[in-house]
Amino acid sequence: MAYETLIVDIKDHIALIRLNRPEALNALNNQLLTELGAALAAADANEKVRAIVLTGSEKAFAAGADIKEMAEKSFVDMFDADVFGPEAEGIIRTRKPIIAAVSGYALGGGCELAMMCDFIIASDTAKFGQPEVNLGIVAGIGGTQRLTRFVGKSKAMDMHLTGRFMDAEEAERAGLVSRVVPAKKLIDTALEAAEKITEKSQVAVKVIKESVNRSYETTLREGLLFERRMFHMLFNSEDQKEGMAAYLEKREAQFRDR
């Protein structure tokens, strides 16, 4: 499929998806979100792809939702179209791991998009924010929910109510991002992390993703039960037998994803 707002490159079992609306700092309009959903679905269905890296430009991961596209719409317009609903669902349905490689601005919808990925690697120039309050609105793609779970109520309230930005160093301290690297090393670092994932059993990788995500969606007791059953279930896989045999024999495991 040809994309107008994305650049997609698949190499060495990794799909590198780059948001490509430079004239709008990668603002998330309907076309971009629709194409992103299609690109992620294609990567998820592609047997050659084992991990995904999502990034923007050095200046902006995504500077927010496209205000020009929304400014004149009414409640009925937004409600009838369920704006952001189907697009967000498409992103979070992706079963393969998605790493967000964030440089520059990740604001509003851009911050929310990064949080929908499985983890975030940020450059030292990254700035995160949920400044919707400056527009007289509230976050609409999970900002009040995911950010609060990631960084806690006080810091989330601070960002949402004042519209202030969080730099990369603070984002790492707060637990929003997994690590911070120099801007010039961002893509290489994200690809190296993705490559590590491609080397693992993809059965185990998908189970881990589902199990960690379950921790945000249920009680601790139910989450622990889900994790334990997944742990038990993996003992029915060939990769578990290979992984443990390789450990005992002091060799590299040769996983077959079954």
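Biologist: Asp118: buried or exposed?
Modeller: Partly exposed. Asp118 has a relative accessible area of 29%. Keep in mind that this is a predicted model.

Biologist: What does the Asp118 side chain meet?
Modeller: Lys209. The two side chains form a salt bridge, 2.9 Å from N to O.

Biologist: Where do those two sit?
Modeller: Lys209 is in helix H10. Asp118 is in the loop between helix H5 (109-116) and strand S7 (119-123). They are 91 residues apart in sequence, so the pair ties together distant stretches of the chain.

Biologist: And Lys209, buried or exposed?
Modeller: Lys209 counts as buried, at 11% relative accessibility. The cut-off for buried is under 20%.

Biologist: How many salt bridges does the structure hold?
Modeller: The structure holds 11. Another one that involves H10 joins Arg95 and Glu210.

Biologist: How far apart are the closest N and O atoms of Arg95 and Glu210?
Modeller: They are 3.3 Å apart. Arg95 lies in the loop between helix H4 (85-92) and strand S5 (98-102), and Glu210 lies in H10, so this bridge ties together parts that are 115 residues apart in sequence.

Biologist: What about accessibility for Arg95 and Glu210?
Modeller: Arg95 is partly exposed, with a relative accessible area of 43%. Glu210 is partly exposed too, at 36%.

Biologist: Staying with H10, which helix does it pack against?
Modeller: H11. H10 covers residues 202-214 and H11 covers residues 220-233. Their axes are 10 Å apart, at an angle of about 170 degrees. That makes the two helices roughly antiparallel, because the angle is over 145 degrees.

Biologist: Which residues make that contact?
Modeller: From H10, Val207, Glu210, Ser211 and Arg214. From H11, Phe226, Met230 and Met233. So Glu210 serves in this contact as well as in the bridge to Arg95.

Biologist: How do the contact residues divide: nonpolar, polar, charged?
Modeller: There are 4 nonpolar, 1 polar and 2 charged.

Biologist: Back to salt bridges. Which residues are linked in a network?
Modeller: Lys155, Asp158, Arg164 and Glu170. One of its links is Glu170 to Arg164, with the closest N and O atoms 2.7 Å apart.

Biologist: Are Glu170 and Arg164 buried or exposed?
Modeller: Glu170 counts as buried, at 12% relative accessibility. Arg164 is partly exposed, with a relative accessible area of 26%.

Biologist: New topic, aromatics. How many aromatic pairs are there?
Modeller: The structure holds 4 aromatic pairs. Among them is a stacked one, Phe75 with Phe79. The ring centres are 5.3 Å apart and the planes are 20 degrees apart.

Biologist: Where do Phe75 and Phe79 lie?
Modeller: Both are in helix H3, residues 75-81. They are 4 residues apart, about one turn of the helix. Both are exposed.

Biologist: What geometry do Tyr105 and Phe165 have?
Modeller: Edge-to-face. Their centres are 6.3 Å apart, with 70 degrees between the planes.

Biologist: Which elements does that pair tie together?
Modeller: Strand S6 (residues 105-107) and strand S9 (residues 165-167). Tyr105 is in S6 and Phe165 in S9, so the pair ties together parts that are 60 residues apart in sequence.

Biologist: Tyr105 and Phe165: what are their relative accessible areas?
Modeller: Tyr105 has 32%, which is partly exposed. Phe165 has 35%, also partly exposed.

Methods: Residues are numbered from 1 along each chain as its sequence is written. This is a predicted model: local features need pLDDT of at least 70, side-chain atom pairs count only at pLDDT 80 or more; totals for chains, interfaces and linings use all residues. Side-chain values use heavy atoms; hydrogens and water are left out. Axes are lines fitted to C-alpha atoms, for helices over the stretch in contact, and angles run from 0 to 180 degrees between N-to-C directions. Angles under 35 degrees count as roughly parallel, over 145 as roughly antiparallel, 65 to 115 as roughly perpendicular and the rest as oblique. Contact means heavy atoms within 4.5 Å. Ala, Val, Leu, Ile, Met, Phe, Trp, Tyr, Cys and Pro count as nonpolar, Asp, Glu, Lys and Arg as charged, and the others, Gly among them, as polar. A salt bridge is a side-chain nitrogen of Lys or Arg within 4 Å of a carboxyl oxygen of Asp or Glu. Buried means under 20% relative accessible area, exposed over 50%, partly exposed in between (1.4 Å probe, protein chains only). Rings of Phe, Tyr and Trp (its six-membered ring) pair if their centres lie within 6.5 Å; planes under 30 degrees apart count as stacked, over 60 as edge-to-face and the rest as tilted.
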